[in-house]
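Visitor: I should like to understand the terms used for the structure on display. May I ask for the reasons behind them?
Guide: Certainly; let us look at it together.

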Amino acid sequence: MDLSWIVGAIAVMALIAWYVSYGAARLDRLHTRVEGALSVLDAQLVRRAEATLELANCGALDAASALILAGAATDSLEADTTDQRSREAIESDLTQALELALGEEALRRLRGDEAVGTPVLGRVAAANQRVELARRFLNDAVTDVRRVRRRPGVRLLRLAGHAELPQTFEIDDELPMLARGL
Amino acid sequence: MRIGIVSPYSFDVPGGVQLHVRDLAEHLISLGHYVSVLAPADDDTPLPDYVVSSGRAVPVRYNGSVARLSFGPLTAARVGRWVEAGRFDVVHLHEPVTPSVSVLALWAVEGPIVATFHTSNLRSRAMQAAYPLLRPSLEKISARIAVSEDARRTVTTHLGGDAVVIPNGVFVERFASAKRRPDWEGTPARPTIAFLGRMEEPRKGMPVLSQALPHILREIPGIRVLIAGPGDPGPIREKMTPEAAAACEFLGPVSEADKASLLASVDVYVAPNTGGESFGIILIEALSARATVLASDLPAFARVLKGGDAGEMFVNEDPVDLARAVVALLRDPIRREQLAVAGRDRANAFDWSVVGEDVLAVYETVVSGASSVRTSSEHDSRWARLRRTGRNSGGT
């Protein structure tokens, strides 16, 4: 009688221990995924800002557009990466600047200039596409982490430790005139 | 880049997913990447040298149809060995919720994982029942791709989260360079139209075409209907009027090369599919071959044809409207030429050179920064991690 109690208690404890360690490992993996996705997004945003600077200085745009682009790109490059909300606003501004600068006439001129315009435009398009991808993958990872961290067992046992609750990254990153329309 | 691709379906039988995997692998190899494909295959099946067999495929009834899959502990062990030997930068799984090699690989792998969802009917009862078990491994996927808007909608509703739409690719040049065959080409008195696909499957639209034929014959008595694809023509013929049956020529199953020639030769290619198409790769192949395309106005088809700019459309399941459209096109060679030119241009958006670029952009986005792919057994055990750190610090 006593023995079966002890065996039962040990079994329950083993089960709890397994649940805790498994849950912790799963969360750990998810947090790693978020961190990786965040650093990729960071790199792609820098790349986009650099491509935008190049576009501003390529000479095919009018002076006013070039200034607006250069301003938005510099803001992005100098942004405080620790403050996510202000960074989101800055990056949305950069997207808007690109949208304004790349009107029909400007696009025609850039695409007509095969030596400078086309490759620069290509780099901006590629960089923006990667920003869109990186942001989507990050937000998917964040959603997964938040869902697991909402679970009562995870909250009760504080399996997330001191890791901050990650936030989705919300910016406007659509440049329809550069998309191919699939 | 070192890329590992996993196909859940056996290469012994042709199918949409397998063809996609094969084409993607060959395209990536032509760009100079290292690619290894893991797929079920019988021991005596000749495989391309980039394919590794995960074991014999067994026909299994799953999700309403019979698929040739491979699973079990032996397969799981092979998956582990493949991952270890491959030293991949990224692993790309196709159909990760099919009970086959993909799901085993997802289980076994840690690191940058990309998954492509092909199907637009994901919610099987089995999947729902096994969902708590699958969820943690689905969380490992860094990037999800859907091949169409419909497939994407399925992913978002049933799995949550989002997916990037990257369509199936086509090697446009293979179809564009197809030779025309004089016996399939139309003349003003005897124009030709073509139908491709399993004629017994009603959703491919053969019944609609059969009902439209009497209307077409009234206007164009000399029309020839070339029907290519597997199936027994007997029952199809029986349901037609005698005149309609006489206008049809059944070619049986055709090779890839003959399919391209047929599309290039005929005056109009008709796709009367009534539903269940999430993408419509055949339309893109037809456009690549410079065919004039007439298709039902399914959403998937309308997207490919840009709402009618790259090909004519008729009201789905309406034989009278189909007949009207066929007659109008056959009487207007200038319009046919216009559509063929616009269609060829449209096809370029789906060429592997373009689509492959998008897939590589996804790979780059998940790979940069992350370490390469490992098996989960060596990753998960903390003991192993401790040992590694110990070794590393000892070495430096």
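**Reasons behind the terms**

Guide: Let us begin with a conclusion: α12(B) and α15(B) are oblique to each other. Please bear in mind that this is a predicted model.

Visitor: What makes α12(B) and α15(B) oblique to each other?
Guide: Helix α12 (residues 281–288) of chain B and helix α15 (residues 333–347) of chain B pack at an angle of about 120 degrees. Angles of 65 to 115 degrees count as roughly perpendicular and those over 145 as roughly antiparallel. The value of about 120 degrees belongs to neither class, and therefore the pair is called oblique. The axes are 7 Å apart, and the crossing is left-handed.

Visitor: Which residues bring α12(B) and α15(B) together?
Guide: B:Ile284, B:Leu287 and B:Ser288 in α12(B) meet B:Gly343, B:Arg344, B:Arg346 and B:Ala347 in α15(B). This contact divides into 3 nonpolar, 2 polar and 2 charged residues.

Visitor: Why is α8(B) called oblique to α14(B)?
Guide: The axes of helix α8 (residues 206–219) of chain B and helix α14 (residues 319–330) of chain B cross at roughly 45 degrees and come within 8 Å. Because an angle must be under 35 degrees to count as roughly parallel, and 65 to 115 to count as roughly perpendicular, α8(B) is oblique to α14(B). The crossing of α8(B) with α14(B) is right-handed.

Visitor: Which residues of α8(B) and α14(B) meet?
Guide: From α8(B) come B:Val208, B:Leu209, B:Gln211, B:Ala212, B:His215, B:Ile216 and B:Glu219, and from α14(B) come B:Pro319, B:Val320, B:Leu322, B:Ala323, B:Val326 and B:Val327. By class, there are 10 nonpolar, 2 polar and 1 charged residues in the contact of α8(B) with α14(B).

Visitor: What makes α2(A) and α3(A) roughly antiparallel to each other?
Guide: The angle between helix α2 (residues 63–77) of chain A and helix α3 (residues 84–101) of chain A is about 160 degrees. Angles over 145 degrees count as roughly antiparallel, and therefore α2(A) and α3(A) receive that name. Their axes lie 9 Å apart, and their crossing is left-handed.

Visitor: Which residues form the contact of α2(A) with α3(A)?
Guide: Among them are A:Ile68, A:Leu69 and A:Ala72 in α2(A), and A:Ile90, A:Leu94 and A:Ala97 in α3(A). By class, this contact has 9 nonpolar, 2 polar and 3 charged residues.

Visitor: Let us turn to the sheets. Why do β3 and β10 of chain B stand at the edges?
Guide: They belong to an open sheet of 7 strands with parallel pairing, in the order β3-β2-β1-β6-β8-β9-β10 (chain B). β3 (51–53) and β10 (164–165) each have a single partner strand, so one side of each is left without a neighbour in the sheet.

Visitor: How do you know that β8 and β9 of chain B pair?
Guide: Two strands pair if there are at least two bridges between them. Strand β8 (residues 113–117) of chain B and strand β9 (residues 143–146) of chain B pair over 4 bridges, in the parallel sense. B:Val114 stands opposite B:Ala143 in β9(B).

Visitor: What makes β13 and β16 of chain B edge strands?
Guide: An open sheet of 6 strands, with parallel pairing, has the order β13-β12-β11-β14-β15-β16 (chain B). Because β13 (248–252) and β16 (312–314) each have a single partner strand, they stand at the edges. From one strand to the next, the twist averages 25 degrees.

Visitor: How many bridges join β11 to β14 of chain B?
Guide: Strand β11 (residues 192–196) and strand β14 (residues 268–271) of chain B run parallel and are joined by 2 bridges. At least two are needed for strands to pair, so β11(B) and β14(B) satisfy the condition. The bridge partner of B:Ala194 in β14(B) is B:Tyr269.

Visitor: Where does α14(B) lie?
Guide: α14(B) lies across β11, β14, β15 (293–296) and β16 of chain B, at about 155 degrees to β16(B).

Visitor: Finally, how many residues of chain A and chain B are in contact?
Guide: 20 residues of chain A are in contact with 20 residues of chain B. On the side of chain A that touches chain B, α1 (2–56) and α5 (117–150) of chain A are the elements that give two or more residues.

Key: Residues are numbered from 1 along each chain as its sequence is written. Chains are lettered from A and ligands numbered from 1 in the order in which they are written. This is a predicted model: local features need pLDDT of at least 70, side-chain atom pairs count only at pLDDT 80 or more; totals for chains, interfaces and linings use all residues. Two residues are in contact if their C-beta atoms, placed from the backbone, lie within 7 Å. Axes are lines fitted to C-alpha atoms, for helices over the stretch in contact, and angles run from 0 to 180 degrees between N-to-C directions. A crossing is left-handed if the near helix is turned anticlockwise from the far one by less than a right angle, and right-handed if clockwise. Ala, Val, Leu, Ile, Met, Phe, Trp, Tyr, Cys and Pro count as nonpolar, Asp, Glu, Lys and Arg as charged, and the others, Gly among them, as polar.
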